[in-house]
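User: Hey, can you help me look at the aromatic rings in this one?
Analyst: Sure, let's pull it up.
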Amino acid sequence: MVNRIIPQTLAERRRLRQMAHDFVSEKALHPPVMLSDLEALAAEFVRRNNLDEGLRDWLMVEIHNAVWLPMVASIPYSRRLLLLPKCLRDSMRCEGEMDDLGLLCHRCERCVIPDLQTQADHIGMLSMVAEGFTSVIELIRQHVVDAVIGISCLDSLEKAFPLLVSHAVPGIAVALNDGGCKDTHVDTDYVAQLLSKRSEETMMLLDYDSVREEVDRWFEPEALATVLTPARDTTTKAALEWMLCGGSRWRPFLLAAVYSAIKVESGKSKVEDRFSIPDEVKRTAIAVECFHKASLVHDDIQDNDEERYGQPTVHARYGEAMAINIGDLLLGEGYRLLASLPNKELLGVVANAHVSLCLGQGAELSWQSGQPVTIEEVLQIFRQKTVPAFEVALSLGLLSADGDEHTAQKLHDYSEALGIAYQLKDDMSDIDSEHTAKPSAVYALRLQFPGISDEEIRDKMSAMVEEYQTRALASLAEIDSFELKRLLFQATERILRN
C-alpha cells in the first residue's frame, strides 16, 4: 500500500494546484465525475509529471476541485456552506463547547476557525464546525444549501468522496496539511480564495424532491380521477384503485425530472417555474404509470404471485379473467392519453418498449423450471423486460423537452446498465430460496458454479451490480446538461440503494 503524501511546502502545493487546474482544462472535464475516473485521472497526472505515487490521493482531491470550481462559483454565497473540522482549533486554549452537531465556536481568535467563519459571514455564506460530510448531505437533502466547501484530513475525505460523488454534490474539498486529530493546519489563503470565488453566471439548482412531491400529487385520488376514464363499474373502479396503490412511481418522476432538467438548463424555463410542469407532460407521466401498473397485473398472473405491496394482487382479489381485463384497460388508458397529445412520436417510443417487454416476458415464460440457463441469457431477458421500463420514462421526458439525439443515445446506454443492475439486485432476494419459478441470475450462477455457497453468490452478484452501476454512470460522461447528469447520479444511488 502506497503511503499518502501531502506536499510539504506552500509553494509546492500552489504549483501542483495550478498544474491540476491546467490538466482539467486540457481534458475539458465537466461535473459530476465518477470516483473511479478521478482515481484514474490522478494516476495519469502522477505518471505524466513523474511525481511520487504517494501524492495520488491529494491530487485526486485537487483535480476534483478544479472540475467543480466553476459550478460552485456560480452558486450564490447564501446557498453555500463552509464546513470546518474541529481539529483546526487550539486544543489547549479553545473556549468553545461541543454539542451533537459539532463545535460552538466562541470566536476567541486563538486559531484560524474564527477568521474563516468571519470571512464566510461577510459574504453571506453559512459555516459550521463538524466532523464528516454526512451532516452536509442531510442539509443538502433538506435544501438548506446547494454547495459545500469542506476542510478535512485525507482519511476523512476518502470516506466522504463516495457520498459526495453519488449525490453529485457541488463541492470543494481542501485537505489538511498534516495528520492527527488535533491542532492541524490548512492553507488559509487558499480557503479564502475558494470562498470568494463568484462567477457572473448564477445557477439555482433544481429541487428534485419538490418535483417528486408534484408528481405524487398527480396520483392523488381526485387528481387521477380527472384524467382516467370515470370509475363507474367494477373494471374502471378496480383500475383506479390499482393506480392509487403503492409503488415507488420512479417512472413518472424520472420523466418529469428529465423534462425539468432539460428545460431549465436550456434556458426555456426558469428554476422558479420548475413546478409549473405542463399538462402534456403530466398526462405523459400518468400514461407511463398506466403501462407499468398494467404490466404488474399481468406479471402477477403469469408468475402466480398472490401478494404485492403487502396486499392481495389484482387477480387474487378479482380473479384472473377480470384482472386481465383490468390490465388491458390500463394499457388502453395509457395509449389514449398519449394519443391526445400533439407529439405523436411519444406513441412510437412506448409501442417499441411495449413490444420489447412482451418479448422479454415471453422468453421468461417459455423457460421451464429445471431447464439450463446461462447468466448471459438471463441478462438478455433483463435487457428486453426491465431496461425498457426505465428507458421509456427517460426518453419520453427528453422528447417532451425537445432533447437531442446524442442525449437520447446516452440515455439508452444508461438505461440498459441501470436496468440490469436493478434487476440483479432484485434477484438477490432469491438467494435464500431453493424454489425457482423464473430464470433468475441466482439460478444461472448455481448452474454455472456447482456447489457455490449462498455467500459466494451474494458476493458475485454484488460485484455485478457495482459493475453495471459504474457502466450506467460512465455513460453520462458525454451528456452536456449538468442538471440531467446530477439528476441521474442521484437517481442511480437511490434506486440501487434500497
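User: Which residue lies over the face of Tyr-190?
Analyst: That's Arg-17, at 3.8 Å from the ring centre. Keep in mind that this is a predicted model.
User: OK! And what sits over the ring of Phe-253?
Analyst: The charged end of Arg-212, 4.7 Å from the centre of that ring.
User: Switching to rings with rings: how many aromatic pairs are there?
Analyst: The count is seven aromatic pairs. One of them is Trp-242 with Tyr-309, where the centres are 5.5 Å apart and the planes make an angle of 40°, a tilted pair.
User: Where in the chain are Trp-242 and Tyr-309?
Analyst: Trp-242 is in helix H10, while Tyr-309 is in the loop between strand E7 and strand E8. They are 67 residues apart, so the pair links distant parts of the chain.
User: Is Trp-242 buried or exposed?
Analyst: Trp-242 is buried, because its relative accessible area is 4% and buried means under 20%. Tyr-309 has 31%, so it counts as partly exposed.
User: Got another pair? What about the rings of Trp-367 and Tyr-443?
Analyst: Their centres are 5.4 Å apart. The planes are at 75°, which is over 60, so this pair is edge-to-face.
User: And where are Trp-367 and Tyr-443 in the chain?
Analyst: Trp-367 is in the loop between helix H15 and helix H16, and Tyr-443 is in helix H19. This pair also links distant parts of the chain, with the two positions 76 residues apart.
User: Are Trp-367 and Tyr-443 buried or exposed?
Analyst: Both Trp-367 and Tyr-443 are buried.

Notes:
Residues are numbered from 1 along each chain as its sequence is written. This is a predicted model: local features need pLDDT of at least 70, side-chain atom pairs count only at pLDDT 80 or more; totals for chains, interfaces and linings use all residues. Side-chain values use heavy atoms; hydrogens and water are left out. Rings of Phe, Tyr and Trp (its six-membered ring) pair if their centres lie within 6.5 Å; planes under 30 degrees apart count as stacked, over 60 as edge-to-face and the rest as tilted. Helices (H or I, at least four residues) and strands (E, at least two) are DSSP runs, numbered from the N terminus. Buried means under 20% relative accessible area, exposed over 50%, partly exposed in between (1.4 Å probe, protein chains only). A charge sits over a ring if NZ of Lys or CZ of Arg is within 6 Å of the ring centre and within 35 degrees of the ring normal.
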